[in-house]
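Work through the exercises below with the model open beside you. Try each task before reading its solution.

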Amino acid sequence: MTGTDIVSRLTMESRRTILGMGGAEPASATGNPSVDRLPGWVSLLRAPNPGPMTLDGTNTWILRAPGAAFGTVIDPGPLDEEHLLRIAERGPFQFILITHGHHDHVEGAERLSELLGGTAILAADPAHCLHGEPLDPNESLGGNGLEIHVLDTPGHTRDSVCFLVECEGERVMFTGDTILGRGTTVVAAPDGDLSSYLASLEVLRAYENVLMLPGHGPARHDTAALAGEYLSHRMERLAQVRAAMAAGARTPEAVVDVVYPDIDPRVRFAAEWSAAAQIDHLERESAAGADGLDRL
């Protein structure tokens, strides 16, 4: 069964509830502890949408350089009026930035723009932009004391980006759902792609000792260290899935039975989505290897 088949089995309401979520399975223990104090130009407003897939809720990040007239919002979160009013009270803002198009990050963006009198919404996907052009990873957004670099990091979704923000000589990475502060990220076909995701983690491994502020979970000290842990975790899982497939497991359901035997029933669907992406990745990898041999 393909990832598309799994998605099609869900009702539209279930898909609306689930597709925006970041975390799925627990990652291994890490030596990269959470952060107790944020930079003075960054503040967190957490949306009231906790759950097994959103952890404590969606992190809405508010950035404002010291003395700047305008700030920046990253990921307004769901369409929750009280949450959006709390964000608007921190205005005015130059931009509303979106890390990716899942509803728990972008659903409230248009309403927030309305509350702010038409602040531009900028995202990689034009469908989520308002009063502005889509984000270009080859350009930076400047002004109001912030330098915002857009990193193209597809995988969790096709439109996933991260934001490397510099202010007063300090650099911070906003990772959306590409890397979480706790647990690991769902990569669900057809919008998610594991091959692209692994490449994006390699990109983030370059940012050593850069504070990581995720879309869910706590801030962490070192973006590169987390990216490395995520890669190691994914490689271990792929080895387990490869072994399960060699033993005859050919569907996401069968792979989950072997590789995730103790999975919480509430998030089994997410494990099946991840398994579908893993199967797709391994089958493409095998086909590419076979094609290379044919060309010899």
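Helices, of at least four residues, and strands, of at least two, are DSSP runs numbered from the N terminus. The model is predicted.

**Exercise 1. Take stock of the chain.**
Task: State how many helices and strands the chain has, and what share of its residues counts as buried.

Solution.
- Step 1. Count the elements: there are 9 helices and 10 strands.
- Step 2. Turn to burial. The chain has 296 residues, and 51% of them count as buried.
- Step 3. Look at the surface. Its accessible area is about 12,800 Å², with 51% belonging to carbon and sulfur atoms.
- Step 4. Check the contacts between residues at least 6 apart in sequence: 63% of them join residues at least 24 apart.

**Exercise 2. Lay out the sheet.**
Task: Give the strand order of the open sheet of 5 strands, and find its edge strands.

Solution.
- Step 1. Read the order: β1-β2-β3-β4-β5, with mixed pairing.
- Step 2. Find the strands that pair on one side only. These edges are β1 (42-46) and β5 (120-122).
- Step 3. Consider the twist. Neighbouring strands are turned by 25 degrees against each other on average, direction ignored.
- Step 4. Zoom in on one pair. β3 (residues 71-74) and β4 (residues 93-97) run parallel over 4 bridges. T72 has F95 in β4 as its bridge partner.
- Step 5. Add a helix. α3 (residues 81-88) lies across β1, β2 (59-63), β3 and β4, at about 165 degrees to β1.

**Exercise 3. Place R182.**
Task: Decide whether R182 is buried, partly exposed or exposed, and list its contacts beyond four places in sequence.

Solution.
- Step 1. Locate R182: it sits in the loop between β9 (170-176) and α6 (194-204).
- Step 2. Apply the cut-offs. Buried means under 20%, exposed over 50%. The relative accessibility of R182 is 38%, so R182 counts as partly exposed.
- Step 3. List the contacts: L55, D56, H216, G217, P218 and R220.
- Step 4. Compare sequence and space. R182 and P214 are 32 residues apart along the chain, with their C-alpha atoms separated by 9.1 Å.

**Exercise 4. Explore the cores.**
Task: Name the residues that touch the most other members of the largest nonpolar core.

Solution.
- Step 1. Among its 40 residues, pick out M173, I179 and V255.
- Step 2. Trace the suppliers. β8 (161-167), α6, α7 (223-246), α8 (252-259) and α9 (268-295) each give at least two residues. The most come from α7, with 8.
- Step 3. Follow V255. Its contacts beyond four places in sequence are V241, M245, A249, Y260, A275 and I279.
- Step 4. Move to the second, separate core. It has 26 residues, including V35, I74, L146 and L211.

Technical notes:
Residues numbered from 1 in each chain as written. Predicted model: local features only at pLDDT ≥ 70, side-chain atom pairs only at ≥ 80, totals over all residues. Heavy atoms only, no water. Pairing = 2+ DSSP bridges. Axes fitted to C-alpha atoms, helices over the stretch in contact; angles between N-to-C directions. Contact = heavy atoms within 4.5 Å. Buried < 20%, exposed > 50% of the residue type's maximum accessible area, 1.4 Å probe, protein only. Areas by Shrake-Rupley, 256 points an atom, 1.4 Å probe, with all protein chains shown as cover. Core = buried A, V, L, I, M, F, W, Y, C linked by side-chain atoms within 4.5 Å.
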